[in-house]
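Welcome! Take a moment to turn the model around on your screen before reading on. We will start from one small detail and work outwards.

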Amino acid sequence: MKRFRGVLRLAAKYRAERNVNQPRDENMDLVAEAEMGDQAQPEPRRERRRPLPDKVKNIVWGRAAGRCQYAGCNALLIGDEVSGAAEANAAYIGHIIADSKDGPRGDPVLSPKLAQDPNNLMLVCDRHHRVFDRDMVAEHPADVLAAMKRRHEDRIRTVTAIDEDLGSHVIRYAAKIGTNEAPLAKGDLKWSMIPDRYPLDDGWIDLDLATLDLPDHEPDFWRIQIRNLRAGFAEKVRGRMERQEIRRLTVFGLAPIPLLMELGRLISDIATADVRQLLRSPKGWKWDPKAPTLQYSVLRPSGPAGHVALKLEISAPVVDERIHSVLGNDVAIWSIAADGAHNDIIRSPVDLAEFARLFRTTLDAIKVAHGEDTIVHVFPAVPVSVAVEAGRSWQSKAHPALKIYDQNRKLGGFIFAHELEHAS
């Protein structure tokens with residue numbers, strides 16, 4: 001080894017002496033410089049990206065709750081169901097404004113300033129990282145990505161702030177209304193409940209989802225639908241309520257009014273239940289916090305008669321002639337009416353609770369005026385939530401029996417559909 005080092009020193013000394021003693025050939029130097037000029041100059045070395053600190057990564061992950069922040073994706077980025085790798089990390093952290101001025105949405109001033117700012121970073125899946133950083137950069141300006149991030153994080157804050165005691169089982173009951181199907185999408189229902197309630201993971205209860213292909217003017221329609229509803233409720237709800245497995249219900253119904261009143265009777269007012277209403281404008285199941293308080297009026301007949309009728313005029317007025325065409329002229333007509341009745345009038349739970357109170361007190365007054373054995377013929381023009389609450393408010397042992405009618409255009413008016421009767 002010592003001999004090898006000695007050789008290296010001698011060679012270095014020889015080259016140095018040769019360079020000193022040998023005259024410089026300027027022509028050769030010019031030729032060399034020209035040849036070097038003909039060669040392509042190497043590209044300037046790109047500045048090495050600084051790794052994100054763990055603190056910054058943790059903030060981004062926490063705010064996103066481990067889900068893709070690209071609008072409409074929301075994919076969980078932990079674990080892989082295909083391979084079974086439960087702890088696989090499928091996340092990318094992408095920049096809204098690139099960390100380099102030459103990158104996607106880069107800026108000479110903002111890029112270095114925001115390179116490690118959590119507010120400039122999005123947690124995303126591989127697919128959408130490629131979309132906004134490679135394939136469709138022009139379609140994804142910084143403000144669009146920032147809005148996606150903001151909406152996602154707002155939603156996560158709202159959901160995670162919900163008290164665990166606000167979990168609810170959810171009843172979905174939908175049947176045909178005339179010729180129209182009435183599906184109830186889980187996503188729409190879930191977000192209408194938050195933040196006041198949230199659906200439990202195993203809490204979805206479907207009683208009927210438009211599986212019966214029978215029009216409502218057929219004689220057997222009401223009998224079969226009522227039987228199916230009662231059987232479904234007994235199988236999926238009643239036993240679990242008695243065992244206190246179900247402590248709170250949120251009820252979404254879109255079905256003919258007599259069926260919804262029967263559903264309300266099955267639930268009863270003993271159970272803690274939030275009955276919801278589908279609003280027409282804006283479309284959705286979320287209550288309107290700005291809705292003005294609804295005013296009701298109760299009208300009593302002038303005297304006794306052979307039949308007793310109760311008009312529920314919440315969605316629209318019900319003229320007396322329609323009652324007389326069914327029951328004849330010898331009828332005492334009571335009414336619970338909403339001021340300015342229209343088909344989008346129930347917009348808050350306060351309005352619904354006030355109707356339920358009036359319905360109970362009116363049935364009590366009818367019982368006093370007409371006797372315990374009277375039968376009340378109910379002619380409803382009501383929203384779906386009012387129908388359910390009417391059924392919940394009716395008490396078998398305290399109130400008169402109710403015969404419920406349904407407006408059927410094909411048959412030319414109100415027809416008898418169902419009866420809420422005293423238990424034998």
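This is a predicted model, and a good place to begin is a pair of aromatic residues: Tyr405 has Phe416, in strand 16, as its bridge partner. The two strands involved, strand 15 and strand 16, run antiparallel and are joined by 7 bridges. Between them lie 4 residues, and the strands form a hairpin; in its turn, Gly412 has a positive phi of about 85°. Is strand 16 mostly covered or mostly open? Mostly covered: 6 of its 8 residues are buried.

**The sheet around the hairpin**

The hairpin belongs to an open sheet of 6 strands with mixed pairing, in the order 11-13-12-14-15-16. At its edges are strand 11 (296-299) and strand 16 (413-420), each pairing on one side only. From one strand to the next, the twist averages 20°. As general background, the strands of a sheet pair through backbone hydrogen bonds, either parallel or antiparallel.

Elsewhere in this sheet you can find a parallel pair: strand 12 (residues 307-313) and strand 13 (residues 331-338) are joined by 7 bridges. Here Lys311 stands opposite Ser335 of strand 13.

Which helix packs on the sheet? Helix 11 (residues 349-370) does, touching strand 11, strand 12, strand 13, strand 14 (375-381) and strand 15 (401-408). The direction of helix 11 makes about 165° with that of strand 13.

**Cysteines without disulfides**

How many disulfides does the structure hold? The count is 0. Two cysteines, listed below, each have the sulfur of Cys68 as their nearest cysteine sulfur.

| Cysteine | Distance to the sulfur of Cys68 | Relative accessible area |
|---|---|---|
| Cys73 | 3.7 Å | 26% |
| Cys125 | 3.8 Å | 12% |

A disulfide needs two cysteine sulfur atoms within 2.5 Å, and Cys73, at 3.7 Å from the sulfur of Cys68, is in no disulfide. Cys125, at 3.8 Å, is in no disulfide either. As for their surroundings, Cys73 is partly exposed, while Cys125 counts as buried.

**The whole protein**

Stepping back, the secondary structure comes to 12 helices and 16 strands. Of the 424 residues in the protein, 42% are buried. Among contacts between residues at least 6 apart in sequence, 75% join residues at least 24 apart. The accessible surface comes to about 24,900 Å², and 51% of that belongs to carbon and sulfur atoms.

Notes
Residues are numbered from 1 along each chain as its sequence is written. This is a predicted model: local features need pLDDT of at least 70, side-chain atom pairs count only at pLDDT 80 or more; totals for chains, interfaces and linings use all residues. Side-chain values use heavy atoms; hydrogens and water are left out. Buried means under 20% relative accessible area, exposed over 50%, partly exposed in between (1.4 Å probe, protein chains only). Contact means heavy atoms within 4.5 Å. Accessible areas come from the Shrake-Rupley method with a 1.4 Å probe; for residues, only the protein chains shown count as cover. Two strands pair if DSSP finds at least two bridges between them. Axes are lines fitted to C-alpha atoms, for helices over the stretch in contact, and angles run from 0 to 180 degrees between N-to-C directions.
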